[in-house]
Amino acid sequence: MMEYTGEIPGLLVALAVGLIIGFERGWQTQNFHGAARGGDIDPDVDNEISPTGIRTFTLLGLLGGVAAKLTSVTSVWVLAAVLVGVAALLVVGYLQTVRKTGDLGATTEVAALLTCALGAMAVLGMQLEAVIAAVGVAVLLGFKREIHGALQKLSRHELTASLQLLVIMLVVLPLLPDQAMGPWDSLNPRVIGWLVLLVAGIGFIGYFAVRILGDRVGLTLTAFLGGLTSSTALTLSFSRMSASDTRRRALLGAGIALACGTMAPRVLVEVAVVNRELLIPLLPGMLLLGIIPLAAMGLVLWRFKGDDVEHKPAMSNPLELKSALLITAALAAVFVMSNAAQAWFGDKGIYALAILSGIADVDAITVALANQANDGLSGTVAARGILLASLTNTLVKAAIVLFIGGWSLARWASSILLLAVAAGATGWLWI
């Protein structure tokens, strides 16, 4: 009986890689030729005359796999020669396409060469990477209309914010040293970089969720997503709005409470990424802090069903260099101060710092304490500090509503938030 060597699965994956990309490219070619027979050309796809369809792409993937396999018994130059030969054929076909149509787009040719290379990767032992890349290529090709539409709607500051986030993730972060330094060995640049990326990334996702959905979403979803971006900005926006929309203050107040309650799942996500062991002790208090505003919003919507609120989501720049530097500075300061507070005042110093930090922002103290619990800080102290910061931040939002929106708005928003704080505080007993 022939012994199984693992060669066939590699070639099958190479075949599958070509099939995945070829399926999408074959549909594009069929769209063009269908139009040539009297149908309509879809303006949102690559309407190019090209001989490369699903069969060609599948064979290209297999060709790359076979060439990679031959390198094990001959020379690596076999694979190089095959890739050069495929590239030459694609160049000839591209020139003919340009001559016939005048279309300078080379999407199909690049995808075909990439398919051959991915087929080689599959046989060389990188099967998962090859399949993931093939799916990514197919998605990128298939969503041409959506990608172009998104780019047209993208403003300059949103583009620069996206590029800055990529620079932080792909350029700055890998260059940061991974070692403890500074007072009490409090600062690890690589760790701080990861935490900055985490905090900025959550706000970035929330911003674009609101940006994409815009005014088409209701107040409830606006409040929730706006809370991911900046619950403070949404609190200020809805508080000012209540001055001219007196009939719907209950809805606006509940929306503010929900935006502030969104802090709870955000904190839990940050803790889950940084230190999963703190999730269980934090869960009861944070769930109560988040569920009560959500339940209150549901009751208010039911009571005032049929009403709506003319609103614009509270928006801010998703990320800029200044905000990234501020997050970095805040994290560094919290790391140093929490170590100093622990060294000088023990657990009470951590709790005092958590309260002070929670007045302005809860993210920095959350990720700092969760990370320090990985490096020796008591998990109980860290969890209680995070809960204290969250409760303090919620109380501050209740005060902001009272100060800006007045009592008529505060009796809805602030009362819900105070109830949530009271319930969330019982989570101290669980920790």
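# Notebook: helices and buried residues

Ala 398 touches Ser 414 and Leu 417, leaving out residues up to four places away in sequence. I noted at the start that this is a predicted model.

**Entry 1. Ala 398.** I looked up where this residue sits. Ala 398 belongs to helix 16, which covers residues 379-405. I then checked its exposure: its relative accessible area is 7%, so Ala 398 is buried, the cut-off being under 20%. I also looked up a distance to Ser 415. Ala 398 and Ser 415 are 17 residues apart in sequence, and their C-alpha atoms are 7.9 Å apart in space.

**Entry 2. The whole chain.** I stepped back to the chain totals. The chain has 17 helices and 0 strands. Of its 431 residues, 45% count as buried. The accessible surface comes to about 22000 Å². Carbon and sulfur atoms account for 69% of that surface. I also looked up how far along the sequence the contacts reach. Taking contacts between residues at least 6 apart in sequence, 75% join residues at least 24 apart.

**Entry 3. Helix 4 and helix 5.** Next I went through pairs of packed helices. Two packed helices are described by the angle between their axes and the distance between the axes. Helix 4 spans residues 107-123 and helix 5 spans residues 127-142. They pack at an angle of about 165°, with axes 8 Å apart. An angle over 145 degrees counts as roughly antiparallel, so helix 4 and helix 5 are roughly antiparallel to each other. Their crossing is left-handed. On the helix 4 side, the contact is made by Thr 107, Ala 111, Leu 114, Leu 118, Met 121 and Ala 122. On the helix 5 side, it is made by Gln 127, Glu 129, Ala 130, Ala 133, Ala 134, Val 137 and Leu 141. Sorted by class, the contact of helix 4 with helix 5 has 10 nonpolar, 2 polar and 1 charged residues.

**Entry 4. Helix 10 and helix 12.** I moved on to another pair. Helix 10, residues 249-261, packs with helix 12 at an angle of about 160°, with the axes 8 Å apart. That angle makes helix 10 roughly antiparallel to helix 12. The crossing of helix 10 and helix 12 is left-handed. I listed the residues that meet. From helix 10 they are Ala 250, Leu 251, Ala 254, Gly 255, Ala 257, Leu 258 and Gly 261. From helix 12 they are Leu 289, Gly 290, Pro 293, Leu 294, Met 297, Val 300 and Leu 301. By class, the contact of helix 10 with helix 12 has 11 nonpolar, 3 polar and no charged residues.

**Entry 5. Helix 11 and helix 12.** I then looked at helix 12 with another partner. Helix 11 covers residues 263-274 and helix 12 covers residues 279-303. The two pack at about 165°, and their axes are 8 Å apart. Helix 11 and helix 12 are therefore roughly antiparallel to each other. Helix 11 passes helix 12 in a left-handed crossing. Met 263, Ala 264, Val 267, Leu 268, Val 271 and Ala 272 are the helix 11 residues in this contact. In helix 12 they meet Leu 279, Leu 282, Leu 283, Met 286, Leu 289 and Gly 290. By class, the contact of helix 11 with helix 12 has 11 nonpolar, 1 polar and no charged residues.

**Entry 6. Val 271.** I picked this residue out of helix 11. Is Val 271 buried or exposed? Its relative accessibility is 0%, so Val 271 counts as buried. Apart from residues up to four places away in sequence, Val 271 touches Arg 276, Leu 278, Leu 279, Leu 282, Thr 366 and Ile 386. I also looked up Val 271 against Ala 370. They are 99 residues apart in sequence, with C-alpha atoms 6.1 Å apart in space.

**Entry 7. Helix 15.** Ala 370 sent me to this helix, where it is one of the buried residues. How many of the residues of helix 15 are buried? The count is 10 of the 10 residues, so helix 15 is largely enclosed by the rest of the structure. Gln 372 is found in this helix, which runs over residues 363-372. With a relative accessible area of 8%, Gln 372 is buried. Leaving aside neighbours within four places in sequence, Gln 372 is in contact with Phe 335, Ser 338, Asn 339 and Leu 377.

**Entry 8. Leu 228.** My last lookup was in helix 9, residues 219-241, where Leu 228 lies. At 19% relative accessibility, Leu 228 counts as buried, because buried means under 20%. The C-alpha atoms of Leu 228 and Ala 259 are separated by 7.7 Å, and the two residues are 31 apart along the chain.

Methods: Residues numbered from 1 in each chain as written. Predicted model: local features only at pLDDT ≥ 70, side-chain atom pairs only at ≥ 80, totals over all residues. Heavy atoms only, no water. Axes fitted to C-alpha atoms, helices over the stretch in contact; angles between N-to-C directions. Helix = DSSP H or I, 4+ residues; strand = E, 2+ residues; numbered from the N terminus. Parallel < 35°, antiparallel > 145°, perpendicular 65-115°, else oblique. Left-handed = near helix turned anticlockwise from the far one by under 90°. Contact = heavy atoms within 4.5 Å. Nonpolar A, V, L, I, M, F, W, Y, C, P; charged D, E, K, R; others polar. Buried < 20%, exposed > 50% of the residue type's maximum accessible area, 1.4 Å probe, protein only. Areas by Shrake-Rupley, 256 points an atom, 1.4 Å probe, with all protein chains shown as cover.
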